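Open the model in your viewer and show it as a cartoon. The stops below say what to select and what is found there.

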Amino acid sequence: MRILLVLTVAVFSLIPPVFARELGRGRYENVRFGYVAGIPPGFTGQGESDNGDGQVFDQSAKGQVLTVWGSHFLEADFEAEVAARIGYAEEDGWTIAAQTVTPRWANFSGVLGQRMLDARMILLCDGTSYAVMTVQYSVVHAGEIKDRLPQLEDMFRATGC
């Protein structure tokens, strides 16, 4: 019975890295805030930020930028943080075209000229911080990015809960 348990644990511990490799994606794990994100092939990391909250990845040939970062609540709760983040995007000129907000995750998207933005926010394990993943790209590459978004969203999650 113990051998079966050990084998089961070993198999399931290998699934996320294998899944990421099968998709041709890299992986970024943020230890400070406790989240992980999948990185599409062709995206290059610019190095973790000085304060350790996240990193920017880009595919400069196509003008695509993937950014991930974590933060502690400045607002009353997660949903208020989402509203604030949407407000910041609007202040930067983005027209928010769609949004879905739940108590544990949120998605929103916007347009600014010929650029598009897709964002996902997740509540982290401590309940007082969150992580954000944004993807900015040209409308020319919308189909390509939209095909990747479901997998990126699935791989973006809290760790250590």
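Which strands form the open sheet, and in what order? Three strands do, in the order β1-β2-β10, and their pairing is antiparallel. Keep in mind throughout that this is a predicted model.

**Stop 1: the open sheet**

Select residues 26-30 and 157-158. These are β1 and β10, the edge strands of the open sheet, each of which pairs on one side only. Now add residues 35-39, which make up β2; 2 bridges hold β2 and β10 in an antiparallel pair. To find the register, show Tyr-35, which stands opposite Ala-158 in β10. Strands of a sheet pair through backbone hydrogen bonds, either parallel or antiparallel.

**Stop 2: the whole chain, coloured by confidence**

Colour by pLDDT. The chain has a mean pLDDT of 85, and 84% of its residues reach 70 or more. Select residues 1-24, where pLDDT stays under 50. For residues 1-24 the model has 9 contacts beyond four places in sequence. Where pLDDT is low, the predicted coordinates should not be read in detail.

Next, colour by secondary structure. There are 3 helices and 10 strands in the chain, and along the sequence they follow the pattern α-β-β-β-β-β-α-β-β-β-β-α-β. Of the 161 residues, 42% count as buried. Taking contacts between residues at least 6 apart in sequence, 44% join residues at least 24 apart.

**Stop 3: two hairpins from β3 to β5**

Select residues 44-48, which are β3; this strand runs antiparallel to β4 and is joined to β4 by 3 bridges. Thr-44 has Asp-58 in β4 as its bridge partner. Follow the backbone through the 5 residues between β3 and β4, and stop at Gly-52 in the turn of this hairpin, where phi is positive at about 75°.

Extend the selection to residues 54-59 (β4) and 64-72 (β5), an antiparallel pair with 6 bridges. Gln-55 has its bridge partner, Val-68, in β5. The hairpin of β4 and β5 has 4 residues between the strands, and Gly-63 in this hairpin takes a positive phi near 65°.

**Stop 4: from β5 across to β9**

Keep β5 and add residues 129-138, which are β9. β5 and β9 pair in the antiparallel sense over 8 bridges. Leu-66 stands opposite Val-135 in β9.

Still in β9, pick Ala-131. Is Ala-131 buried or exposed? Ala-131 is buried, because its relative accessible area is 0%. Show what surrounds this residue: beyond its neighbours within four places in sequence, Ala-131 is in contact with Tyr-35, Trp-69, Gly-70, Arg-120, Met-121, Ile-122, Leu-124 and Phe-156. Ser-71 is 60 residues from Ala-131 in sequence, yet their C-alpha atoms are 6.4 Å apart.

**Stop 5: the largest pocket**

Which residues lie nearest the centre of the largest pocket? Select Trp-69, Ala-89, Asp-92, Leu-117 and Thr-134, which lie nearest its centre among the 13 residues of the lining. Two or more lining residues come from each of β5, α2 (78-91), β8 (115-123) and β9. The space in the largest pocket is about 200 Å³. By class, its lining has 8 nonpolar, 3 polar and 2 charged residues. Rolling a probe the size of a water molecule over the atoms shows where empty space is left.

**Stop 6: Ser-109 in β7**

Select residues 105-112, strand β7, and pick Ser-109 within this strand. Ser-109 counts as buried because its relative accessible area is 14%, below the 20% cut-off. Leaving out residues up to four places away in sequence, Ser-109 touches Thr-95, Ile-96, Ala-97, Ala-98, Leu-117 and Asp-118.

**Stop 7: Ala-142 in α3**

Finish at residues 142-155, helix α3, and select Ala-142 there. Why does Ala-142 count as buried? Its relative accessibility is 16%, and buried means under 20%. Outside its neighbours within four places in sequence, Ala-142 is in contact with Met-116 and Tyr-137. Draw a distance line from Ala-142 to Leu-117: the two residues are 25 apart in sequence and 9.8 Å apart, C-alpha to C-alpha.

How values were computed. Residues numbered from 1 in each chain as written. Predicted model: local features only at pLDDT ≥ 70, side-chain atom pairs only at ≥ 80, totals over all residues. Heavy atoms only, no water. Pairing = 2+ DSSP bridges. 1 Å grid on protein atoms, 1.4 Å probe; cavity = no way out; pocket = protein on both sides within 12 Å on 5 of 7 lines; lining within 4 Å. Points joined across faces, edges and corners; volume = space filled by probe spheres on them. Nonpolar A, V, L, I, M, F, W, Y, C, P; charged D, E, K, R; others polar. pLDDT = per-residue confidence, 0-100. Contact = heavy atoms within 4.5 Å. Buried < 20%, exposed > 50% of the residue type's maximum accessible area, 1.4 Å probe, protein only.
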